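Biologist: Mind walking me through how the charges and the packing look in this one? Put it up and I'll start asking.

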Amino acid sequence: MVKNAHEFSQQAAIEMEEIGLAQAQEEVDKLIQQQEQNGRPKILVDRSAFSQKNFDENFEAGQRPSPTVRQVVRKKLSKCMCSGDCIKQFFLGLFPFIHIMKNYNIRENITGDIVSGLTVGIMHIPQGMAYGMLTTLPPVYGLYMSFFPVLLYFLFGSSKHVSMGTFAVACLMVGSAVTKGYNSVPHVARVAHLTVNDTNGSASGIESEEGAMSQDELDIRLQFAMSVTFMVGVVQLLMGVFRLGFITVYLSDPLISGFTTGAACHVFTSQIKHIFAIKTARYAGAFKLIYTYKEFFMRLGDTNYVTVIISVICIAILYSVSRFINQNPKLKPKMFMPVPIELIVVVLGTVISYAIKLETAHNVPVVSDIPTGLPVPNLAPFSRLSSVISDAIALAIVIFAISISMGKLLAKKHDYEVDANQELVAYGISTIVSSFLSSCAPSASLSRSLVQERVGGKTQVAGLVSCVLLLVVLLAIGPYFRTLPNCVLASIIINALRGMFLQVLDLKKLWSVSLIDFFVWIVAFLATVVLDVDLGLGVAVIFNILTVVCRSQQPYATMLGQLPGTDIYRDMNIYVKAKELPGVKIFRFEHSLFFVNTEHFRTMLYKRTINPRVLKIAQKKRQSKLAKANKRKEKEDKDPEVAIGESLPDQALPLDTFDMELQATKNEMTISVVDHTVKETPPDVDFHTIILDCSPWSFVDSMGVKVLTAIISEYKAVGVQVMLANCKGGIREMFVKTRFYDTLESSSIYVSLHDAVQHALHLDTPNQIQDEDDDDGTGSDGHHDDQDEADFNDIGYVDENIEDSGAKKLVKSS
């Protein structure tokens, strides 16, 4: 019988197990089917709710490594050990061309480098002469810029496709510095170069009318040009030595775009007078364009119509060929190289001018004599250094920002790296050396760099090929361009500005993407146009930094809600289904907390929740009214109070699990019973806990900790608990250093928002309001100490909907 019973129990256990397995399999099949229907897998995580303290204890968290000063110094010194390999790496880094030439493949690279070098060299000739005029020096100095810097950059530069030399914006800024410096020279030193009109009534900031430049005037201008070039090189070299290549982050793309477009307006203005052959004074400083155009329109009657006709024809030819042939997507792949239309126009203009005697017969201004040979090294860079420091700093930063942007763009396309700090060293050395050889500050040219890469250039050997072509021009061909009209060079410059002016189209995209970037562009453009080029850059940089400060000072702040059925919390302004949890406020401040935005943090937190100071005043008023009401009740009828009992449940109620609060009226008494496991909300407010989502915070400074401490103390005084979630390691270390845990226990910092919410709703005991007076006869915990449970015969529930507070009201009768 016992055996049969034992077998029966085993059989029953097996059957129960099979039933359980079947049910489990059914649940799995149902879950898989549901996933296949909605196409979204479900995640089920079963773990304990962690505070940060418990999490660190369970998983043995350590501290982030913080090396001492001795360790840092020792690590730096270890890199300075003089060894053969260290010296080799130093020279390979300083002279990147060694590595390039060591791995140079003649069969694959030489053809493309020769073709691109000749193409770019042909472009250098007209652009060098044209942009040289922007520096307020004779055109031959533009050819020097196209030769010496390119040769030196080959030795030190790390980019394989950048074409150094003349660039419109850089040349314009050099010319602005030269004009400003020339105007600062005492009047007596240049009185011989002024006309009668200039000596009688020229305003400050105006120099002599354009015309034939005397040797003395050329010497003064050359001193300022070479001085600013030398200082640009020094600034760039120091930036490279001290690894300051990151400084260009303050020059955003909208800023560069707006600045170069504004600079293009200055370039256009400087050349429009050559188109009309009108002699105007050169102005410097703020509102120079206004003064220039005012005088230009006043002298519009002096227009030479021959130069206007020549200019219109040249601009039409240049635009048509570059737009419909060189940039034609159908013809471009079939062309061996772009049509060198600039050089063709220069050659034709020179030949036609010589044939029909434009200079003498029609009074057309021409380039005049171009000296042959290379310039003799001179000490002009040391003569005017103190006058050009501010201009040099602005020019150095602009050249670096434009050049490194183009270098990185092409390097990314061809899968190699460009070292920004090495580029600074290359720019600095080539600019310093070039300043002693009558060459102005060079910059990477956007148009020539793109052409050099597009026609097959592989390395900087293409720069050497273009230098050979420029050397031939400087030594032999230069004088043949003597009869070239200035208006032809001006036409080349104006046609090249088309790309810069088209940057205005960026405004439409910026308006839809970012209003801040839109206004950065507008400010950079207007400041550059209305003020001078260097002043405009300074204003644009300051405004750009201010936008960053403003965004840091007043970042976005919001309240988070829980998406139903998940542990995900999102911005309730964005997600309609995100709901606020009863009794809990989740606040997120989307920036690091530091001295700039601490007051904004406090203001937004109080605005989204409640000001604890106002709440404390309201609570004191409430307590005072309750005390007065209790005193009045004591003076009234002292007869025993009787309350009518209601139907009560039959089962016994475990009163030891409740807190009871007694409220008496004339004929009945009401007891409020609060479950220990449910948070109690303070009076006059509908929440008991504030959770700060610290996930956006990358750091907190001492001011931020100070404000956090004050806020937590203020909320604690009115019975509201503050919790923190998602605090990074660096922030917790800051809390330790500032003794923050004296105010907020480390157990009130949680690993995630969901952990904090679970603790706030279910696990933590409620904070008690810190009452200063207990005039109503209750203790600080809300119990009536003089009441005895034996005085009550019956306890029953009153039917009221009070789920949010977690309380149930009862009525007693005696």
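Modeller: Sure, and keep in mind that this is a predicted model. Let's start with helix H26: its buried residues pack against helix H25 (533-553), strand S3 (557-562), strand S5 (583-589), H27, strand S8 (687-693) and helix H28 (702-717).

Biologist: Okay, which residues of helix H26 are the buried ones?

Modeller: Helix H26 covers residues 598-608. Buried here means under 20% relative accessible area. In H26 the buried residues are Thr598, His600, Phe601, Arg602, Met604, Leu605 and Tyr606.

Biologist: There's an arginine in that helix, so which residue does arginine 602 form a salt bridge with?

Modeller: Arginine 602 counts as buried, at 13% relative accessibility. Its partner counts as partly exposed, at 47% relative accessibility. The two are three residues apart in helix H26, so about one helical turn separates them. The closest N and O atoms are 3.8 Å apart, and the partner is glutamate 599.

Biologist: Which residues do salt bridges with shared partners join into one network?

Modeller: A salt bridge here needs a side-chain nitrogen of Lys or Arg within 4 Å of a carboxyl oxygen of Asp or Glu. Bridges that share partners make one network out of Lys180, Asp391 and Asp534.

Biologist: And how many salt bridges does the structure hold?

Modeller: One of them pairs the side chains of lysine 585 and glutamate 580, at 3.2 Å from N to O. For the structure, the salt bridge count is 14.

Biologist: Is lysine 585 buried or exposed?

Modeller: Its partner, glutamate 580, has 36% relative accessibility and so counts as partly exposed. Lysine 585 has a relative accessible area of 11%, and the cut-off is under 20%, so the call for lysine 585 is buried.

Biologist: How many residues apart in sequence are aspartate 693 and arginine 588?

Modeller: Their side chains meet in a salt bridge, 3.7 Å from N to O. Aspartate 693 lies in strand S8 and arginine 588 in strand S5, so the pair ties together parts whose separation in sequence is 105 residues.

Biologist: Are those two buried or exposed?

Modeller: Aspartate 693 and arginine 588 share one label, and that label is buried.

Biologist: Last one: which residues gather in the patch of positive charge on the surface?

Modeller: Take lysine 633, found in helix H27 (residues 612-635). Patch residues need over 30% relative accessible area. Lysine 633 has 43%, so it is partly exposed. The patch gathers Lys621, Lys625, Lys628, Lys631, Arg632, Lys633 and Lys635.

Definitions and conventions: Residues numbered from 1 in each chain as written. Predicted model: local features only at pLDDT ≥ 70, side-chain atom pairs only at ≥ 80, totals over all residues. Heavy atoms only, no water. Patch = residues over 30% accessible without salt bridge, like charges linked within 9 Å, V, L, I, M, F, W, Y side chains within 5 Å. Areas by Shrake-Rupley, 256 points an atom, 1.4 Å probe, with all protein chains shown as cover. Lys, Arg positive; Asp, Glu negative; His and termini not counted. Charge placed at Lys NZ, Arg CZ, Asp CG, Glu CD. Helix = DSSP H or I, 4+ residues; strand = E, 2+ residues; numbered from the N terminus. Buried < 20%, exposed > 50% of the residue type's maximum accessible area, 1.4 Å probe, protein only. Contact = heavy atoms within 4.5 Å.
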